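Biologist: Could you walk me through the aromatic side chains here, up close? I'd like to hear how the rings sit against each other and how covered they are.

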Amino acid sequence: RTKGHALQRPAAMDDERFDGMYMNMAGQLGGIDPLLDGFFGFLRRKTDFFTGAASADAAEATVLKALSKNKERAEEDAREKAAKERKRKAEEEARRARVAAERAKQQKQEDESRIVDVTDEPAASASGEGGAAGDTAAGDAAAGGAAADSEEGGEESKGQAPVNNGGVCGNYRWEQSLGDVTVFVAVPKGTKAKQLNVQIGKKRLVVGVAGAPSGPLVEGELHAAVKLEDSSWSVEDNAKEDNRLVTLTLTKMNGMEWWNRLLVGDAEIDTQKVEPENSKLSDLDGETRQTVEKMMYDQRQKAAGLPTADEQNKQDMLKRFMEQHPEMDFSKAKIC
């Protein structure tokens, strides 16, 4: 028959052709509950779904069957997504660990190359020219270490300090994980979903109240591309500030990159200070785990104003050099 039952197909729950229409309807109606009320109202008005069933419980059984099937599928999708997220986090931590290990190796090589071996200098010149050469070598080593630290510090100081891995801008604030960006936009109390103008493009974002004379609250080119099919938005009451809050979840196209801004032209944040999500160290191999633990140690040391592992190694190397050459005058050498 050409009624509600005829619309059902085996693969209906995976048919994405009408997702745009459903999202638009949910936005206009103001949520999931009104959407369901509207759909069952359609079945009541335009089909014999309720009155033409074989028994009084048939309609309810049909609804529960569809609900159960999609619930099981949703739980399966959630498990798959969680597994992919764990794998992605582990891969990101491993990548960061490899980069950190390579940098540490390179830094160690540079530090070793700065120390000049003067043990072959004649003993007679040790207190004269040898001592001056030693002073120069030690001074160069210390100065080189200080310069390297200065350069590293310069890299870390680029941009504003992140707030929840994001930032606060004029009309909105944003946060991020490695895979997603969450944007919060405040709108006047009483604003309905159907009154909002929300446009999520692959590389563009518009959020505002339709018809507002001041224009959109947020409008511009995104820092990077997002996946439209996995991005969504909602609006809900914000009792804390006595308004409503539009929350947008944008899934990054590149799930291995930290954004330093939401929109092109906005103030940038320092991505070196972004705090990655916690992951289980037990999921990593021995070498990677050791490197990650070193990174965590360095982060704690920096927060406490203490030297990192690499900085401590440089200091120890210079002190050993000084101990091996007591005939040299290191009084003017700067130890960093």
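Modeller: Let's fix the burial words first: buried means under 20% relative accessible area, exposed over 50%, and partly exposed in between, with a 1.4 Å probe and protein chains only. Bear in mind that this is a predicted model, where local features need pLDDT of at least 70, side-chain atom pairs count only at pLDDT 80 or more, and totals for chains, interfaces and linings use all residues. Numbering runs from 1 along each chain as its sequence is written, and side-chain values use heavy atoms, leaving out hydrogens and water.

On to the rings. Those of Phe, Tyr and Trp (its six-membered ring) pair if their centres lie within 6.5 Å; planes under 30 degrees apart are stacked, over 60 edge-to-face, and the rest tilted. Searching the whole structure turns up three aromatic pairs. One of them is Phe39 with Phe42: the centres are 6.4 Å apart and the planes at 35 degrees, so this pair is tilted. Both sit in helix α2 (residues 32-46), and because they are three residues apart, about one helical turn separates them. Helices here are DSSP runs (H or I) of at least four residues, numbered from the N terminus. Phe42 has 31% relative accessibility, so it's partly exposed; Phe39, at 43%, is partly exposed too. Phe39, Phe40 and Phe42 make up one aromatic cluster.

Then there's Phe49 and Phe50, with centres 5.2 Å apart and planes at 85 degrees, so they meet edge-to-face. Phe49 is buried because its relative accessible area is 5%, whereas Phe50, at 43%, counts as partly exposed.

Terms used. Helix = DSSP H or I, 4+ residues; strand = E, 2+ residues; numbered from the N terminus.
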